[in-house]
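Colleague: Got a minute to walk me through this one? I'd like to go over how the helices sit together.

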Amino acid sequence: MPETNSLQLGYTDNWVFDTWYLKMSTTKAVSTALHLNNHEASKTLNIKVKNNILPSDPSPLGVALDRQLNYHKHLEGCANKIAKRNCILRKLARTTWGASQSVLQTSTLALCNSAAEYCTPAWTRSPNTKLVDVKLCEWMRTLGGCLKSTPI
């Protein structure tokens, strides 16, 4: 592949697209630069594809990446999602219909745990996992009937 100084990608310029009949989706493509040099932290990539500049906010498969790769943005979104679902489950727990222990456990597994465990292997060692842990413990207290908060 010939080297170029330009960051413009054209369908006819690049032999990969011509050879393999590939078509880049400009609405789904993003650009990012991850590095350890703090002086270059504010730099963004300006990559043009067919006169469209690619956005530089990567979130592959719904996992939001940040510069330090500590998944803070993703875990905040996950915690907000679980908090909204906790409100629904709390209302279900207060009703007389459908409030049995097995229904509440099944609902928790279906609603909260599925959201909390998405891409867990990627962010398990993040320093921000407490954001999600607090919301899950909040629901466990509701499920167990505890009124006072536990020290988590």
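What follows is a short chat about the helices and a few of their residues.

Modeller: Sure, and keep in mind that this is a predicted model.

Colleague: Let's start with charges. How many salt bridges does the structure hold?

Modeller: Side chains of opposite charge can pair when their charged atoms come close. Here the count for the structure is 1 salt bridge.

Colleague: Which residue does Arg90 pair with in a salt bridge?

Modeller: The closest N and O atoms of the pair are 2.7 Å apart, and a salt bridge needs them within 4 Å. Arg90 sits in helix 2 (residues 72-94) and its partner in helix 5 (residues 130-144), 48 residues apart, so the pair links distant parts of the chain. The partner of Arg90 is Glu138.

Colleague: Is Glu138 buried, partly exposed or exposed?

Modeller: Buried would take under 20% relative accessible area, and exposed would take over 50%. Glu138 has 22%, and Arg90 also comes out at 22%. Because that value falls between the two cut-offs, Glu138 is partly exposed.

Colleague: Now the packing. Are helix 2 and helix 5 roughly parallel or roughly antiparallel?

Modeller: Two packed helices are described by the angle between their axes and the distance between the axes. For helix 2 and helix 5 the axes are 8 Å apart, at an angle of about 10°. Angles under 35 degrees count as roughly parallel, so helix 2 and helix 5 are roughly parallel.

Colleague: How many nonpolar residues are in the contact of helix 2 with helix 5?

Modeller: On the helix 2 side, the residues include Leu75, Ile82 and Leu89, and they meet helix 5 residues including Leu131, Val132 and Trp139. The contact also has 3 polar and 4 charged residues, with Arg90 and Glu138 among those taking part. The nonpolar residues number 11.

Colleague: And how are helix 2 and helix 3 oriented to each other, roughly parallel or roughly antiparallel?

Modeller: Their axes come within 9 Å and cross at roughly 170°. Over 145 degrees counts as roughly antiparallel. Helix 2 and helix 3 are therefore roughly antiparallel.

Colleague: Which residues is Thr108 in contact with, leaving aside its neighbours within four places in sequence?

Modeller: Thr108 is in helix 3 (residues 101-116), and it is one of the residues there that meet helix 2. Its relative accessible area is 3%, so Thr108 is buried. Its contacts are Leu89, Asn113, Trp139 and Met140.

Colleague: Which residues of helix 5 are buried?

Modeller: Helix 5 has 15 residues and reaches 20 Å from its first C-alpha to its last, close to the 21 Å expected. Its buried residues pack against helix 2, helix 3 and helix 4 (120-123). They are Val132, Trp139, Arg141 and Leu143.

Colleague: Let's zoom in on Val132. What is its relative accessible area?

Modeller: Val132 is in helix 5, and its contacts, leaving aside neighbours within four places in sequence, are Leu75, Cys78, Ala79, Ile82, Ala116 and Trp123. Its C-alpha is separated by 9.4 Å from that of Gly77, 55 residues apart along the chain. Val132 is buried, with a relative accessible area of 1%.

Colleague: Last one: which residue follows helix 5?

Modeller: Look just after the end of helix 5 for a residue with a positive phi, near 85°. That residue is Gly145.

Definitions and conventions. Residues are numbered from 1 along each chain as its sequence is written. This is a predicted model: local features need pLDDT of at least 70, side-chain atom pairs count only at pLDDT 80 or more; totals for chains, interfaces and linings use all residues. Side-chain values use heavy atoms; hydrogens and water are left out. A salt bridge is a side-chain nitrogen of Lys or Arg within 4 Å of a carboxyl oxygen of Asp or Glu. Helices (H or I, at least four residues) and strands (E, at least two) are DSSP runs, numbered from the N terminus. Buried means under 20% relative accessible area, exposed over 50%, partly exposed in between (1.4 Å probe, protein chains only). Contact means heavy atoms within 4.5 Å. Axes are lines fitted to C-alpha atoms, for helices over the stretch in contact, and angles run from 0 to 180 degrees between N-to-C directions. Angles under 35 degrees count as roughly parallel, over 145 as roughly antiparallel, 65 to 115 as roughly perpendicular and the rest as oblique. The expected span of a helix is 1.5 Å times one less than its number of residues. Ala, Val, Leu, Ile, Met, Phe, Trp, Tyr, Cys and Pro count as nonpolar, Asp, Glu, Lys and Arg as charged, and the others, Gly among them, as polar.
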